[in-house]
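Dear colleague,

I am handing over the structure we spoke about, and I would be glad if you could look through it with the notes below beside you.

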Amino acid sequence: MLVEDIMSEDFATVDRGKSLHEAATRIVKRDLNNIVMTNSSDDPVGIVTQKRSLIACIKTKKAMHNIPLSGFSTGFKKRIEPSTPVLFASSRMVDEGVEALPVQDGMDIVGVLTKEDVVRNVSNLRKEALENSKSKSDW
């Protein structure tokens, strides 16, 4: 199973020059769990999750209007392609301690893969693994 089979194509982006309030507002309006943070060239530089939003509020003791997204980590190297196997992508998420990865096809963001997407498809992944092991034994 590939990332493109289970990724969410319903995602939102926000420029890292905006405030956390802007990001949270878009998350709530679109009923999402995260938002892709982009630079001025629309390249992904991070993902702001609901959890990271709350942590930022607690640590800074500031209102969301007063927390710039530029304070969130950048140098985002954790991205995947639609053709990446889900098991590889999920292992990478666990190893790197992230809840979501942007999915890029060339220079375009085409979706987001979350831990929730993977968990929702565990039975399909298991079924696929069993089918693959049976066909190998037929060789």
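What follows is an account of the sheet and then of the nonpolar cores.

Please keep in mind throughout that this is a predicted model.

The sheet is an open one, built from three strands in the order S1-S2-S3, and its pairing is mixed. Strand S1 (13-15) and strand S3 (44-49) are the edge strands, and because each has a single partner strand, one side of each is left without a neighbour in the sheet. Neighbouring strands are turned against each other by 35 degrees on average, with direction ignored.

The mixed character of the pairing can be followed strand by strand. S1 and strand S2 (residues 34-38) run parallel and are joined by three bridges; along this pairing Thr-13 has Val-36 as its bridge partner in S2, while Asp-15 stands opposite Thr-38 of S2. The connection between these two strands involves helix H2 (residues 20-29), which together with S1 and S2 makes a right-handed β-α-β unit. On the other side, S2 pairs with S3 in the antiparallel sense over five bridges, and within that pairing the bridge partner of Met-37 in S3 is Gly-46. S2 and S3 form a hairpin with five residues between them, and in the turn Asp-42 has a positive phi of about 65 degrees.

How many of the residues of S2 are buried? Five of its five residues are buried, and the cover extends to both faces of the strand, with Asn-34, Val-36 and Thr-38 buried on one side and Ile-35 and Met-37 buried on the other.

Turning to the cores, the largest nonpolar core has 15 residues, and those with the most contacts inside it are Leu-20, Ile-35, Val-48, Leu-69 and Phe-72. The elements that give two or more residues to this core are H2, S2, S3 and helix H3 (50-60), with H2 giving the most, namely three residues. Phe-72 deserves a look of its own: leaving aside residues up to four places away in sequence, Phe-72 touches Arg-16, Leu-20, Met-37, Val-48, Arg-52, Ala-56 and Ile-67. Among these partners are Leu-20 and Val-48, which also belong to the residues with the most contacts inside the largest core. There is, in addition, a second, separate core of 13 residues, which includes Ala-89, Met-93, Val-118 and Leu-125.

With kind regards

Definitions and conventions. Residues are numbered from 1 along each chain as its sequence is written. This is a predicted model: local features need pLDDT of at least 70, side-chain atom pairs count only at pLDDT 80 or more; totals for chains, interfaces and linings use all residues. Side-chain values use heavy atoms; hydrogens and water are left out. Two strands pair if DSSP finds at least two bridges between them. Helices (H or I, at least four residues) and strands (E, at least two) are DSSP runs, numbered from the N terminus. Axes are lines fitted to C-alpha atoms, for helices over the stretch in contact, and angles run from 0 to 180 degrees between N-to-C directions. Buried means under 20% relative accessible area, exposed over 50%, partly exposed in between (1.4 Å probe, protein chains only). A crossover is right-handed if, with the strands pointing away from the viewer, the path from the first strand over the helix to the second runs clockwise. A nonpolar core is a set of buried Ala, Val, Leu, Ile, Met, Phe, Trp, Tyr and Cys residues joined through side-chain atoms within 4.5 Å. Contact means heavy atoms within 4.5 Å.
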